[in-house]
Number of protein chains: 2
Amino acid sequence: MPASLPPSATVEVRDRCICFRTQRAARALARRFDAAFRSFGITQGQFSLMMSLNRDQPPAMGEVAAFLAMDRTTLTAALKPLVRRGLVLTSADPKDTRARRLSLTDEGRMLLAEALPVWRDEHDAVDRLLALEGGLDLEALHSGIGVLGQQNIERSK
Amino acid sequence: MPASLPPSATVEVRDRCICFRTQRAARALARRFDAAFRSFGITQGQFSLMMSLNRDQPPAMGEVAAFLAMDRTTLTAALKPLVRRGLVLTSADPKDTRARRLSLTDEGRMLLAEALPVWRDEHDAVDRLLALEGGLDLEALHSGIGVLGQQNIERSK
DNA sequence: ATAATATACGTTGATATCAACATAAATATA
DNA sequence: TATATTTATGTTGATATCAACGTATATTAT
């Protein structure tokens, strides 16, 4: 006799699942910021990725993937359109032939500089939206989401 | 003369962007729950989607997409493997020929019933992980993420 | 020095995600 | 009733996401 699935189970998952809620929030926020960046021809993911490359020392792929809590191979795929458009540059590391260093091109840096005020405006708008919801602790929300993204991404060997 | 992009901009985005943080958290959590559900051959997204179909009245696609804060067309694509595997059934609405009602098959319901305790275990594990972080307001985190996912998803006409 | 292990990355295949475009049916308006 | 509008959905193309598998290089152990 097969186990049944009471409606209470659905309610339990809907009301408690942090994973579901986060995926849902991620979709909603992605649509918002994607729309904001559309005139630049980039997505929020591309904005975040490129922004993480704005360092003195060009980081290797592994470092960037870890910082983004993203699978290594996802990063490889995500770089393709950016490299193709000349926004990002990959170069070999002279010290370690295996590693690939990632850096912004001048064009990429310029695009980010132009998109930055748009990001600020959109972020302010979201902050205002959240402020309208009474009794929402934004500090706790922010730090909590931060912690959620800091789990490591090691693959079992 | 092109605008420059100071390192402080990178830090500002890294430390403040709720969108970035949420995407990052969504990836980390998805990997975790995907791994937990792997023996059932489903992902966390498929679990959430199927769970949202466990109702008396089979919901139409639009309702489900709105509930998941997911684009309509994403839902269409996400249903394909589930229908193919016989876990979900789509049927025409006699009252409205345009609408397609979504329901779980017995097999789908059975799979969810078996996966439910695994979900509980994994969720408890995440809760414990978060509890280890001092000074984290889980209630505030949970409700805040909930609000973030409740933005509407209307397309401009 | 050689073998074993670990590290850094790529490719392929499947699903997830959404915009742009398109169709058909229901509803409202004239 | 005929037309216009709205609603519910599908298709295509591009990017995002990750697991499984594979390759080459660096490091460690023998």
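Begin with both chains in view: chain B superposes on chain A (RMSD 0.0 Å) after a rotation of 180° with 0.0 Å of shift along its axis, the fit being by least squares on the C-alpha atoms of residues with pLDDT of at least 70 in both. The two copies are thus related as by a two-fold rotation axis. To place that axis, select Leu141(B), whose C-alpha is the one in chain B nearest to the axis, at 2.2 Å.

This is a predicted model, in which local features need pLDDT of at least 70 and side-chain atom pairs count only at pLDDT 80 or more, while totals for chains, interfaces and linings use all residues. Residues are numbered from 1 along each chain as its sequence is written, chains are lettered from A and ligands numbered from 1 in the order in which they are written, and side-chain values use heavy atoms, with hydrogens and water left out.

Next, select the residues of each chain that contact the other, where contact means heavy atoms within 4.5 Å. The selection should hold 71 residues from chain B and 71 residues from chain A, and 100% of the contact residues of chain B recur in chain A, so that the same surface serves both copies. Between them the chains bury about 6600 Å², 67% of it on carbon and sulfur atoms; this is the accessible area (1.4 Å probe) that the two parts lose on being put together, summed over both.

Turn then to the charged pairs: four salt bridges are counted between chain B and chain A, each a side-chain nitrogen of Lys or Arg within 4 Å of a carboxyl oxygen of Asp or Glu. One to display joins the side chains of Asp127(B) and Arg16(A), at 3.7 Å from N to O.

Now colour chain B by helix (DSSP runs of H or I, at least four residues, numbered from the N terminus). Among the elements giving two or more residues to the side that touches chain A are H1 (7-16), H6 (106-132) and H7 (138-148) of chain B, but the largest share, 16 residues, comes from H2(B).

In chain A, select helix H2 (residues 18-37), whose 20 residues reach 28 Å from first C-alpha to last, close to the 28 Å expected at 1.5 Å a residue. Of its 20 residues, 16 are buried, that is, under 20% relative accessible area (1.4 Å probe, protein chains only).

Finish at His123(B), in helix H6 of chain B, which counts as buried at 2% relative accessibility. Leaving aside residues up to four places away in sequence, His123(B) touches Arg16(A), Cys17(A), Ile18(A) and Phe33(B).

Methods:
Expected span 1.5 Å × (residues − 1). Buried < 20%, exposed > 50% of the residue type's maximum accessible area, 1.4 Å probe, protein only.
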